Amino acid sequence: MKISVLVVDGVFDSGLASVLDVLQTANELRHEVPQPPPPWAVACVSPYTTTVRTAAGHRVDAVHPEAAPVPEALVVPGVGHRRAGPLAEWVASPDRAAERELVRRARATRTALAAACTGTFLLAESGVLDGQPATTTWWLAPGFRQRYPEVLLDETRILAHAPGVTTAGAATAHLDLALSLVRDRSPALAELTARYLLIDTRPAQTGYAVPSHLARTDPLVAGYERWVREHLEQPLRIADVARGLGVSERTLQRAVDRVLGMSPLRFAQRIRLEQAAHLLRTTALPTDAVARRVGYENATTLTTLLRERLGTTPGRLRRRSGQPVGSV
């Protein structure tokens with residue numbers, strides 16, 4: 001399988017290395033599985049230069065896209081931008097016209113597209129994600145959602161698949177993205193590669209997201225987030241919260257949905273589960289006591305929500321932090 005990896009000045013070092021390392025490891029392991037797939041031939045391509053500087057200042061050799069073999073997939077790693085505003089300006093600038101055209105041409109010729117982390121902004125800016133499910137770096141989701149409202153964004157996911165397009169979440173999700181390319185050709189080889197590289201299965205980004213960071217992009221949503229944190233043990237009545245914030249319930253619901261893509265109740269649940277996970281990792285409180293502290297009736301309800309929303313359990317959280325598992 002011929003793969004072109006788009007590299008630009010400022011490409012995220014670990015993201016690029018993750019993609020290259022996973023594909024190289026898969027090539028080295030391919031004969032250890034039954035019916036091995038053909039090898040992956042990877043070329044780093046750049047429309048402007050034969051030498052790219054990464055975000056950390058390292059040099060990467062590249063060839064012009066026309067000089068590389070015609071790819072079956074174009075991979076777009078992230079770049080070293082940390083904030084949505086500068087990143088959006090960067091992908092929309094005239095200096096990125098050639099990269100946007102390369103993405104559009106790949107889409108027109110049915111070349112598979114794959115992007116991770118901040119690289120998803122380049123795909124969105126090129127228009128190829130309109131009307132398609134996608135994910136992105138969790139902390140940039142509010143800015144992404146505001147700039148690209150036609151994209152069906154779900155930033156809770158590590159991977160999102162649409163016909164001919166795969167997107168991945170933050171930073172180390174480059175590993176998941178590269179493994180998905182291997183898995184498309186050989187699930188057995190993808191599993192073997194993951195085991196050699198110690199890559200765990202991560203069903204969602206939700207467990208890594210920091211709700212307060214997401215909320216601070218809008219004053220009303222930030223005020224709602226603070227109220228929820230100050231009243232974790234109390235029943236949540238959206239109408240009462242809205243009244244206390246000086247707005248209508250409908251206005252609050254619209255603001256939370258616009259910024260975060262979810263309902264106020266769902267956001268409150270995320271805050272409660274974040275706090276519950278923190279208490280389970282850092283204290284020896286019984287799970288029942290943790291549940292009551294974050295507004296749930298009992299350990300069963302909390303355990304169910306942790307499993308459904310964060311893909312974990314109280315026991316796993318305690319074991320990973322070295323805390324005693326304790327009783328419910």
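## Secondary structure and overall form

The protein chain of this predicted model holds 15 helices and 10 strands. Its C-alpha trace spans about 65 × 45 × 35 Å along the principal axes. The radius of gyration is 22 Å. A compact globule of 328 residues would have a value near 20 Å, so the two agree.

Contacts across long stretches of sequence carry much of the count. Taking contacts with a separation of 6 or more, 65% join residues 24 or more positions apart. Burial covers 51% of the 328 residues.

## Surface and charge

The accessible surface of the protein chain is about 15,700 Å². Carbon and sulfur atoms supply 50% of that surface. The chain carries 39 positive and 32 negative charges. The mean positions of the two sets lie 4 Å apart.

## Helix α1 and its surroundings

Helix α1 runs over residues 13-29. How far apart are its end C-alpha atoms? They are 24 Å apart. At 1.5 Å a residue, 17 residues should span 24 Å, so the model agrees with the expected span.

The buried residues of α1 are Gly 15, Leu 16, Ser 18, Val 19, Val 22, Leu 23, Thr 25, Ala 26, Asn 27 and Leu 29. An α-helix has 3.6 residues a turn, so residues three or four places apart point the same way. The buried residues of α1 pack against both strands and helices. The strands are β1 (2-6), β2 (41-45), β4 (59-61) and β5 (73-76). The helices are α6 (173-185) and α7 (187-196).

## Helix α7

Helix α7 buries Leu 189, Ala 190, Leu 192, Thr 193 and Ala 194. The cover over these residues includes α1 and α6. Helix α1, in turn, packs its own buried residues against α7. Just after α7, Leu 198 takes a positive phi of about 55°.

## Loop from α1 to β2

Gln 35 sits in the loop between α1 and β2. Is Gln 35 buried or exposed? Gln 35 is exposed, because its relative accessible area of 77% lies over the 50% cut-off. Its phi is near 50°, a positive value in a residue other than glycine. Most residues other than glycine have a negative phi.

## Loop from β6 to α4

Two residues stand out in the loop between β6 (112-116) and α4 (119-125): Cys 117 and Thr 118. Cys 117 has a phi near 55°, again positive in a residue other than glycine. Cys 117 is buried, with a relative accessible area of 5%. Gln 35 also has a positive phi, but Gln 35 is exposed.

Thr 118 is buried too, at 2% relative accessible area. Which residues does Thr 118 touch, leaving aside those up to four places away in sequence? They are Gly 78, Val 79, His 81, Leu 87, Thr 137 and Leu 140.

## Asp 130 and Glu 150

Two loops meet through Asp 130 and Glu 150. Asp 130 belongs to the loop between α4 and β7 (133-134). Glu 150 belongs to the loop between α5 (141-147) and β8 (152-153). Glu 150 counts as exposed, at 54% relative accessibility. Asp 130 is partly exposed, because its 41% falls between the 20% and 50% cut-offs.

Beyond four places in sequence, Glu 150 touches Asp 130 and Gly 131. With that limit, Asp 130 touches Glu 150 and Val 151. The C-alpha atoms of Glu 150 and Gly 131 are 5.6 Å apart, although 19 residues separate the pair in sequence. Asp 130 and Tyr 148 are 18 residues apart in sequence, and their C-alpha atoms are 7.9 Å apart.

## Gly 315 in helix α15

Gly 315 lies in helix α15 (residues 314-321). Gly 315 is buried, because its relative accessible area of 14% is under 20%. Its C-alpha atom is 42 Å from that of Ser 4. Along the chain, Gly 315 and Ser 4 are 311 residues apart.

Note on methods:
Residues are numbered from 1 along each chain as its sequence is written. This is a predicted model: local features need pLDDT of at least 70, side-chain atom pairs count only at pLDDT 80 or more; totals for chains, interfaces and linings use all residues. Side-chain values use heavy atoms; hydrogens and water are left out. Helices (H or I, at least four residues) and strands (E, at least two) are DSSP runs, numbered from the N terminus. The radius of gyration is taken over C-alpha atoms; the globule rule is 2.2 Å times the number of residues to the power 0.38. Buried means under 20% relative accessible area, exposed over 50%, partly exposed in between (1.4 Å probe, protein chains only). Contact means heavy atoms within 4.5 Å. Accessible areas come from the Shrake-Rupley method with a 1.4 Å probe; for residues, only the protein chains shown count as cover. Lys and Arg count as positive and Asp and Glu as negative; His and the chain ends are not counted. The place of a charge is taken as NZ of Lys, CZ of Arg, CG of Asp or CD of Glu. The expected span of a helix is 1.5 Å times one less than its number of residues.
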